[in-house]
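Here's a quick walk through two pieces of this fold, a strand and a helix. Have the model open while you read.

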Amino acid sequence: MSIANPETKSIHALLSENKALFHIPAYQREYSWQNIQLEDLWDDLEEVLSDDSEEHFFGQIVTNTSENGYEVIDGQQRLITSTLLLAAIRDVAKKFTSDQKFSSQLSEDERYSARRKVDDIQENYLLASNLKTPILTLPDENDVASFFTDLLIKGQIVESDNQTEKNLRNAYLFLKKHVSQYIAKKESENLGVPQQLKRLENLIQVFTKRFKVILINTASTKDGFVIFETLNARGKSLEEADLLKNLLLGFLSDDEESANSKWERIFTTLNRDSNETSRYIRAYWAFNVGLVNKDKLFRAMRKSNQLQNSSDAQKVLEELAKYVGIYYGLLKGLKSRFKDQELADLVDTASVLVKTFHPVVLAMYDRSFKESDVRKVLKKILSVYAVNIFILGEVANDLEKDLVKVSRGIKTGIIANVEEINKKLDEIEKKEQAILTLPVWNRDKWTQNQSRNTNQGHVFLLAELLAAQPDETISSYELFKGNGNPKYRLIRLANLDQLASDAAYINKFWNYTLLEKKINWNEEWSLEEKADHLMRSKIINNRLMAPKFSQWNADIINNRTKQFVGNMRAIW
């Protein structure tokens, strides 16, 4: 491995010496700094500003020599932020010459000094020696590159829906605001314009001369990848997806363009969301190899005997690109991605309720199961969730382990057809235990546990049970409506005063129903008023309850419970 000796450089030396051009390659992660990282930077800067003797270590920059300068392998976030800070300082400095309110309060020498500061920042830190090319460029593969260049060189701010562009814009505006506030006041004292200019000059001097980085330059991309992993694999500064991307593309340096294209397809499909990309790769790895904690996925893949060479990496990347559209459709409940209408409805429902079913469905697509088979299995998974999670209140992590075992059986061919898959799911489902639990079940048992998506889970339970009632014409999907525009909501029927001596039944699940959102409901209404509003519902069970509502008590609730338990045996 050919690596130059690490050098300690100031921001000034890094950007101005030899006028080296830096380029962020396509395999690097998007710019992602948020206010929390920007605030840390600004706090560090203010600390150095307050101590004349202090310097600040700003981290490492890893590069490799390329034909047109240097490719940045690590440290791109701080390098981009450094140039945005300098652009923000430049644009604040412009007001001392372009804004009459400020320039009129300066001497000719001071105005000249302000003009020189604007030009010095632009020429020494933001432009190459030809004074046309930006000193730092982003990948040309997407529109972010031109957005960044316009922001960096022209201070041009435009609205954008692209998350990376939003992050760049936010960083620039955050830093510009803090620069303006810093020079305007010293402690609680408002400063005059000449004092503000001096304060700005000091800010430039401190950041460019006393913020230091360690520059490590390598002769090849491969050597840079080795250093990148060594510096970051044990740290928390990178998203797992960034390490995974580096791992896969590190094997494919001979076919870099094609590999980058596949990664870009994956990342773009998932809205350039690093966290979601990590979750997708974890789901893929789960059905192919086994379940791994998200924060340990990189290490597991790096050590795996299924990812040892370029052929392995190519296969993983191709399959990730192949199934990412299916995963995104499952994740977001995109009904248009599925031809089978009932499957589309189930996907819509599952996307709201279930977070751990993706490996099973992805494994089925990998083994070329038909959509009608996927529909049967997804329906069963929702049943397992209803019983094990929403009724029995078990931990979703335990269910995830069981589902991954099923997905591995599908992938390896041990579980060969839909009947065998559902038989395995039957073994996981604890229906008999749930049937014993349901009659004495209180809804408030799980209301404090937000991880179970409690309210949506209870709406789903009632939707399934009400739809199974005799003569009911509304489907469970219409009652629940998933990611669409839900028309029904969960309501409690009788209040404490109305239950009187049966007050213990106030939170029994069968003292609840679903009701159209357009129909008003107030728990404090009289039983007669409530009965009147239940009669307006299209749900048959609500209209059947209404005549009995004036005598609503524990016996009626218990009878309703028995009816629903019978439905549960039929549908699950």
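Contact here means heavy atoms within 4.5 Å. Helices (H or I, at least four residues) and strands (E, at least two) are DSSP runs, numbered from the N terminus. Keep in mind that this is a predicted model, where local features need pLDDT of at least 70, side-chain atom pairs count only at pLDDT 80 or more, and totals for chains, interfaces and linings use all residues. Residues are numbered from 1 along each chain as its sequence is written, and side-chain values use heavy atoms, leaving out hydrogens and water.

Let's start with helix 17, residues 358-366. Buried means under 20% relative accessible area, exposed over 50%, and partly exposed in between (1.4 Å probe, protein chains only). By that yardstick 9 of the 9 residues of helix 17 are buried, so the rest of the structure largely encloses it. Among them are His358, Tyr365 and Asp366. What do the buried residues of helix 17 pack against? The partners are helix 13 (274-288), helix 15 (310-332), helix 16 (341-353), helix 18 (371-391), helix 19 (396-412) and helix 20 (418-428). After helix 17 comes Ser368, with a positive phi near 65 degrees.

Now for strand 3, residues 56-66. Here 8 of the 11 residues are buried, so this strand too is largely enclosed by the rest of the structure. Two strands pair if DSSP finds at least two bridges between them, and strand 3 has these pairings:

| Partner | Bridges | Direction | Residues facing each other |
|---|---|---|---|
| Strand 8 (residues 211-218) | 7 bridges | parallel | Thr63 and Asn217 |
| Strand 4 (residues 69-74) | 5 bridges | antiparallel | Asn64 and Glu71 |

A hairpin of 2 residues links strand 3 to strand 4.
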